[in-house]
Amino acid sequence: MGEPPNRISGGLIDDAAARTVRSTVELPPDTVFAFLGSADVNLRELERLLDADIHVRGNAVTLTGEAADVALAERVIEQLAALVGRGQQLSPDAVRHTVSMLTEGLSESPAEVLSLDILSRRGKTIRPKTLNQKRYVDAIDAHTIVFGIGPAGTGKTYLAMAKAVQALQTKQVTRIILTRPAVEAGERLGFLPGTLNEKIDPYLRPLYDALHDMMDPEAIPKLLQAGVIEVAPLAYMRGRTLNDAFIILDEAQNTTAEQMKMFLTRLGFGSKIVVTGDVTQVDLPGGARSGLRAASDILTGIDDIHFSILTSTDVVRHRLVSHIVDAYERFESEINRAELGNRAQRRAGQGRTARR
């Protein structure tokens with residue numbers, strides 16, 4: 001483990017416009033390359049995100065700027081250096097998430113958040129990449145039923161899958177059950193070729209893909225055949241009691257309220273349920289109310305049921321995905337405001353007509 005960085009000098013330089021601060025942080029020499037990244041990609045991301053001027057010479061990082069900007073830059077560099085010292089590989093994503101956490105003034109240490117390992121396989125480690133993701137993972141450990149609600153790309157299903165595999169490997173459960181509602185398949189099933197399993201396979205494919213990231217691909221068919229891992233459409237859950245299992249319901253926004261109640265009441269002894277979904281992407285026909293929305297209204301406040309909310313800041317796909325999510329949210333908010341304004345105008349017009 002590398003040594004933490006040491007601030008070796010600091011001082012004030014009088015400036016006509018503002019008080020300018022200069023500070024130098026010294027990194028352990030053997031961590032400099034990992035800190036900067038290949039072709040200095042991490043350094044360029046720091047320069048893009050931070051207002052302080054950053055200059056690196058050897059293992060010394062000199063920061064210049066207003067006091068608050070330099071102080072933030074110092075904390076960011078110290079946290080990133082701590083990550084490198086723990087053997088973590090830095091990336092521009094890690095830089096962005098570290099800056100975001102420290103900018104928000106949260107008490108948790110980014111180095112602690114970003115170094116929590118869930119699973120490791122063939123040199124690849126699965127871990128939370130944002131504070132909300134870590135809180136989500138911690139909630140899965142602490143509660144029997146957890147709802148992970150958020151937009152695409154926030155890792156809500158992937159992290160739940162990782163926790164399920166971890167629970168199976170550590171013998172906390174004896175099986176994993178993965179399920180999804182097949183909303184479109186329910187309408188078009190008869191027109192698709194193949195057996196029922198072949199027809200519903202496209203709707204369950206994302207769950208298989210995640211499994212292949214986390215387990216030996218050769219072992220998965222054997223575990224499926226033995227019933228240790230079960231991947232099935234939601235309709236297959238009816239009438240069952242699921243004991244000693246880690247159960248994940250994905251795409252839960254496409255359940256009806258009745259389906260959600262049916263699913264949650266499958267819970268047996270020694271089991272854990274994680275429900276994931278995005279309430280902004282409901283595909284139910286006929287304007288039916290989402291079971292995920294209903295559950296958040298009905299079950300909030302019940303002991304041992306936890307709701308984790310993930311946002312665009314937790315998106316861990318391409319950085320444009322978070323911008324896309326924010327843009328759609330702004331657009332939908334504007335539409336909602338316009339609709340409310342139109343309704344108010346119609347009510348006012350009806351009131352004037354009635355008075356006449």
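These exercises work through the cores, voids and salt bridges of a predicted model.

Residues are numbered from 1 along each chain as its sequence is written. Local features need pLDDT of at least 70, side-chain atom pairs count only at pLDDT 80 or more, totals for chains, interfaces and linings use all residues, and side-chain values use heavy atoms, with hydrogens and water left out.

**Exercise 1.** Find which residues touch the most other members of the largest nonpolar core, and which helix gives the most to this core.

*Solution.*
- Start with the term. A nonpolar core is a set of buried Ala, Val, Leu, Ile, Met, Phe, Trp, Tyr and Cys residues joined through side-chain atoms within 4.5 Å. Buried means under 20% relative accessible area, exposed over 50%, partly exposed in between (1.4 Å probe, protein chains only).
- The largest core has 33 residues; Tyr136, Met161, Leu178, Leu211, Met214, Phe246 and Ile248 touch the most other members.
- Next, the elements (helices are DSSP runs of H or I, at least four residues; strands are runs of E, at least two; both numbered from the N terminus). At least two core residues each come from helix 6, helix 7, strand 8, helix 9, strand 9 and strand 10.
- Helix 7 gives the most, with eight residues.
- Last, set apart a second, separate core of 32 residues, which includes Leu27, Ile54, Ile77 and Ala111.

**Exercise 2.** Determine which residues line the largest cavity and how they divide by class.

*Solution.*
- On a 1 Å grid over the protein atoms alone, a cavity is a set of points where a 1.4 Å probe fits but cannot get out; lining residues have an atom within 4 Å of a point.
- The lining consists of Leu119, Ser120, Arg121, Lys124, Ile126, Asp213 and Met214.
- Strand 5 supplies the largest share, three residues.
- Sort by class: Ala, Val, Leu, Ile, Met, Phe, Trp, Tyr, Cys and Pro are nonpolar, Asp, Glu, Lys and Arg charged, and the others, Gly among them, polar. The result is three nonpolar, one polar and three charged.

**Exercise 3.** Identify what the salt bridge between Glu45 and Arg96 ties together.

*Solution.*
- Apply the rule: a side-chain nitrogen of Lys or Arg within 4 Å of a carboxyl oxygen of Asp or Glu. The count comes to 13 salt bridges.
- For Glu45 and Arg96, the closest N and O atoms are 3.1 Å apart.
- Glu45 lies in helix 2 and Arg96 in helix 4, so the pair ties together parts 51 residues apart in sequence.
- Check accessibility. Glu45 is buried at 10%; Arg96 is partly exposed at 22%.
- Widen the view: Glu45, Arg48, Asp93 and Arg96 are linked in a salt-bridge network.

Key. 1 Å grid on protein atoms, 1.4 Å probe; cavity = no way out; pocket = protein on both sides within 12 Å on 5 of 7 lines; lining within 4 Å.
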